[in-house]
Amino acid sequence: MRRALALARRAEAAGEVPVGAVVVRGGEVLGEGWNRPIARRDPTAHAEIVALRAAAAAAGNYRLPGATLYVTLEPCLMCAGALVHARLSRLVYGAQDPKTGAAGSRLDAFALPFLNHRVEVTGGVLAAECGSLLKAFFAARR
């Protein structure tokens with residue numbers, strides 16, 4: 001999660017919402033990313049998606065069984081769906097997202113009974129630090 005926080009700071013320095021993500025499998029970092037929708041002019045360029053794309057390229061497969069995604073903010077519905085499709089084993093997130101969180105705050109996408117894959121979810125890891133970064137970012141913009 002510390003690496004994800006460092007990546008979130010990169011996003012912030014670039015004027016993006018400060019969210020960072022890292023995909024790890026077997027103790028090896030497969031991919032990492034930070035929010036880049038503004039820079040890439042791509043609404044799907046959330047930190048999780050950027051990290052998943054890098055991990056899939058490194059693994060040579062879009063499926064990433066046995067992998068864990070560490071992200072500083074609870075994923076949205078789009079990102080939760082991508083985690084399921086990538087067959088990630090585990091999600092670890094920092095701060096909850098009470099507005100659009102899809103890992104339990106607003107919706108628990110991972111508990112939908114019709115999905116063919118289950119992702120283990122752990123939330124609240126370094127939550128205060130992750131949340132403070134986001135709060136400071138948005139306070140400065142208001």
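Here are some friendly notes on this predicted model, point by point.

1. Let's begin with helix 3, which covers residues 47-59. At 1.5 Å a residue, its 13 residues should span 18 Å, and the C-alpha atoms at its two ends are indeed 18 Å apart, which agrees. Just after helix 3 comes G60, with a positive phi near 75°.

2. Which residues of helix 3 are buried? They are A47, E48, I49, V50, A51, L52, A55 and A56. You may find it handy to recall that an α-helix has 3.6 residues a turn, so residues three or four places apart point the same way. The partners of the buried residues in helix 3 are strand 1 (20-25), strand 2 (28-34), helix 2 (37-40), strand 3 (68-73) and helix 4 (77-85).

3. Next, the core. The largest nonpolar core has 39 residues, and the members that touch the most others are V23, L64, L69, L88, L91 and F110. At least two residues each come from helix 1 (2-13), strand 1, strand 2, helix 3, strand 3, helix 4, strand 4 (90-95) and helix 5 (127-141). Helix 1 contributes the most, with 5 residues. As background, nonpolar side chains tend to be buried together in soluble globular proteins.

4. L91 deserves a look of its own. Setting aside residues up to four places away in sequence, L91 touches L69, V71, P75, L83, A103, F110, V119, E120, V121 and T122. Two of these, L69 and F110, are also listed with L91 among the core members that touch the most others.

5. How do helix 1 and helix 5 pack? Their axes are 11 Å apart and make an angle of about 5°. The two helices are therefore roughly parallel to each other, as angles under 35 degrees count as such. On the helix 1 side, the contact involves R2, L5, A8, R9 and E12, and these meet E129, C130, L133 and F137 of helix 5. By type, the residues of this contact are 5 nonpolar and 4 charged, with no polar ones.

6. T68 sits in strand 3. Is T68 buried or exposed? With a relative accessible area of 11%, T68 is buried, because the cut-off for buried is under 20%. Beyond its neighbours within four places in sequence, T68 is in contact with V22, V23, V24, L88, R90 and V92. T68 also lies 5.6 Å from L91, C-alpha to C-alpha, although 23 residues separate the two in sequence.

7. A127 belongs to helix 5 and counts as partly exposed, at 28% relative accessibility. Apart from neighbours within four places in sequence, A127 is in contact with G94 and A95. Between A127 and P18 there are 14 Å in space, C-alpha to C-alpha, and 109 residues in sequence.

8. Finally, two backbone angles to check in your viewer. R87 is not a glycine, yet its phi is positive, near 60°. R87 lies in the loop between helix 4 and strand 4, and at 18% relative accessibility it counts as buried. L126, also not a glycine, has a positive phi of about 55°. This residue is found in the loop between strand 5 (120-122) and helix 5. L126 is partly exposed, with a relative accessible area of 29%.

Notes: Residues numbered from 1 in each chain as written. Predicted model: local features only at pLDDT ≥ 70, side-chain atom pairs only at ≥ 80, totals over all residues. Heavy atoms only, no water. Helix = DSSP H or I, 4+ residues; strand = E, 2+ residues; numbered from the N terminus. Expected span 1.5 Å × (residues − 1). Buried < 20%, exposed > 50% of the residue type's maximum accessible area, 1.4 Å probe, protein only. Contact = heavy atoms within 4.5 Å. Core = buried A, V, L, I, M, F, W, Y, C linked by side-chain atoms within 4.5 Å. Axes fitted to C-alpha atoms, helices over the stretch in contact; angles between N-to-C directions. Parallel < 35°, antiparallel > 145°, perpendicular 65-115°, else oblique. Nonpolar A, V, L, I, M, F, W, Y, C, P; charged D, E, K, R; others polar.
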